[in-house]
Amino acid sequence: MHGAYHGEYKVPGGKLVVVDLDAEDGVLRNVRVAGDFFLEPDEAILSIDRALEGAPVDTDAAGLAARIDAALPPGTQMFGLTSEGVGVAVRRALAHATDWTDYDWRLVRMPPQSPALHMALDEVLTAEVAAGRRPPTLRVWEWGAPAVVIGSFQSLRNEVDPEAAERHGIQVVRRISGGGAMFIEPGNTITYSLSVPEALVQGLSFTDSYAYLDDWVLGALGDMGVRAWYQPLNDIATEAGKIAGAAQKRMVAGGGAVLHHVTMAYDIDADKMTEVLRIGREKLSDKGTKSAKKRVDPLRRQTGLPREAVIERMIASFRGRYGLVEDRVTEEELARAEELAESKFGTAEWTARVP
């Protein structure tokens with residue numbers, strides 16, 4: 001590994017870190033760290049550069065952070081910057097990672113669709129991004145029916161009470177990503193997907209990729225007066241409670257792509273949710289809590305805004321950061337998704353693949 005490298009990483013909830021470096025004979029040389037962060041004392045920036053000088057090129061982000069921590073002057077104060085963030089920026093430089101602004105982002109919004117078709121659209125659009133036939137896409141969902149969406153590896157019988165689901169007219173579908181069950185009611189839920197090239201998250205650990213892909217929505221929520229943060233591995237939380245859960249699926253075909261989708265609680269019927277979700281009862285009993293409202297605090301109460309206004313402000317925030325062009329699902333994409341919804345996501349075999 002030889003040559004000059006440039007990497008950028010916005011620390012979640014913090015500032016931008018920019019790293020320029022050379023790789024020579026298997027080690028880092030001429031390392032220069034910069035950014036819009038705050039750092040005291042001034043000479044600490046030189047300590048960071050010196051700490052990285054000579055590090056083996058295969059040192060992971062944690063190892064790079066440890067070198068930085070050992071070299072910082074006593075009493076160093078970092079604002080909007082972390083040693084780990086610098087380490088990640090170095091890894092992204094060496095991996096030739098891309099940045100959000102390197103892409104022509106597309107926005108897809110459709111009329112309400114069935115739960116099974118939403119599952120299929122995620123798979124099809126992300127595969128198209130991996131193949132290079134579709135630019136990176138933000139898709140905002142509208143649900144055509146109430147649903148429980150279970151993770152790819154969850155047990156159907158352990159997660160869902162089938163009698164309660166049938167009584168409330170709730171469909172059960174299984175998605176391609178991992179994670180936990182999501183309780184969906186059309187007017188109470190905000191769901192979106194990001195289908196992105198793998199290059200966007202190069203150099204990031206699996207955990208860091210969640211924080212990185214969620215950062216824009218934390219900013220959007222902040223603009224609405226909601227102080228939210230990423231809570232590992234896959235939650236977005238506030239002081240009042242959890243407001244969203246994320247999940248990912250990596251696709252290796254073509255150039256590779258990542259599906260990152262998030263379901264946010266705009267409002268919630270907590271009693272109905274705990275009737276339908278078995279896991280809800282278990283989690284609540286573990287914590288000695290009788291009400292799901294202690295665990296999930298909806299955006300409706302925290303923002304005081306109509307659901308559509310919350311969505312529009314989220315889209316405007318994304319557009320302001322990275323640009324966003326209105327787009328649509330092509331006829332070919334929709335046809336493939338409809339076929340997949342029928343042959344896979346709408347079948348008992350797939351839904352009960354982990355009984």
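Here are some notes to help you find your way around this predicted model.

1. Let us start with confidence. Across the protein chain the pLDDT averages 93, and 95% of the residues score at least 70. Residues 284-294 are a stretch to read with care: the pLDDT there is below 50, and the stretch has 11 contacts in the model beyond near neighbours in sequence.

2. A good place to look next is strand β15, residues 257-265. Is this strand buried or exposed? Nine of its nine residues are buried, so β15 is largely enclosed by the rest of the structure. You can check this on both faces: A257, L259, H261, T263 and A265 are buried on one side, while V258, H260, V262 and M264 are buried on the other.

3. Which strands pair with β15? Strand β11 (residues 189-197) runs antiparallel to β15, with nine bridges between them, and here Y192 has V262 as its bridge partner. Strand β14 (residues 241-251) is also antiparallel to β15, through eight bridges, with A244 partnered by M264. β14 and β15 make a hairpin with five residues between them, and G254 in the turn has a positive phi of about 60 degrees.

4. Another hairpin is built from β1 (3-10) and strand β2 (residues 16-24), which are antiparallel and joined by eight bridges. Within this pairing, E8 sits opposite V18 of β2. Five residues lie between the two strands, and G13 in this hairpin has a positive phi near 75 degrees.

5. E8 also takes us to the second largest pocket, whose lining consists of E8, K10, L16, D99, W100, T101, Y212, D215, R321 and Y322. The space in this pocket comes to about 180 Å³. β1, α7 (206-223) and α11 (307-322) each contribute at least two residues to the lining. By type, the lining has five charged residues, four nonpolar and one polar.

6. Helix α1 covers residues 44-52, and its buried residues are A44, S47, I48, D49, A51 and L52. What do they pack against? Their partners are the strands β3 (27-35), β4 (38-40) and β5 (77-79), together with the helices α2 (61-71) and α3 (83-94). Just after α1 comes G54, with a positive phi of about 85 degrees.

7. Some backbone details deserve a second look, since most residues other than glycine have a negative phi, and most peptide bonds are trans. The bond from E40 to P41 is cis, with omega near -5 degrees; P41 is in the loop between β4 and α1. Another cis peptide bond links P232 and L233, with omega about 0 degrees, and L233 is in the loop between β12 (229-231) and β13 (235-238).

8. D25 and N30 are residues other than glycine with a positive phi: it is near 55 degrees for D25 and near 55 degrees for N30. D25 belongs to the loop between β2 and β3, and its relative accessibility is 70%, so D25 counts as exposed. N30 lies in strand β3 and, at 37% relative accessibility, counts as partly exposed.

9. Finally, find G144 in the loop between β7 (137-140) and β8 (147-150). Leaving aside residues up to four places away in sequence, G144 touches P112 and Q113. G144 and G187 are 43 residues apart in sequence, with their C-alpha atoms 9.9 Å apart in space.

Notes:
Residues are numbered from 1 along each chain as its sequence is written. This is a predicted model: local features need pLDDT of at least 70, side-chain atom pairs count only at pLDDT 80 or more; totals for chains, interfaces and linings use all residues. Side-chain values use heavy atoms; hydrogens and water are left out. On a 1 Å grid over the protein atoms alone, a cavity is a set of points where a 1.4 Å probe fits but cannot get out, and a pocket is an open set with protein on both sides within 12 Å along at least five of seven lines; lining residues have an atom within 4 Å of a point. Grid points are joined across faces, edges and corners, and a volume is the space filled by probe spheres set on the points. Helices (H or I, at least four residues) and strands (E, at least two) are DSSP runs, numbered from the N terminus. Ala, Val, Leu, Ile, Met, Phe, Trp, Tyr, Cys and Pro count as nonpolar, Asp, Glu, Lys and Arg as charged, and the others, Gly among them, as polar. Buried means under 20% relative accessible area, exposed over 50%, partly exposed in between (1.4 Å probe, protein chains only). Two strands pair if DSSP finds at least two bridges between them. pLDDT is the predictor's confidence in each residue, from 0 to 100. Contact means heavy atoms within 4.5 Å.
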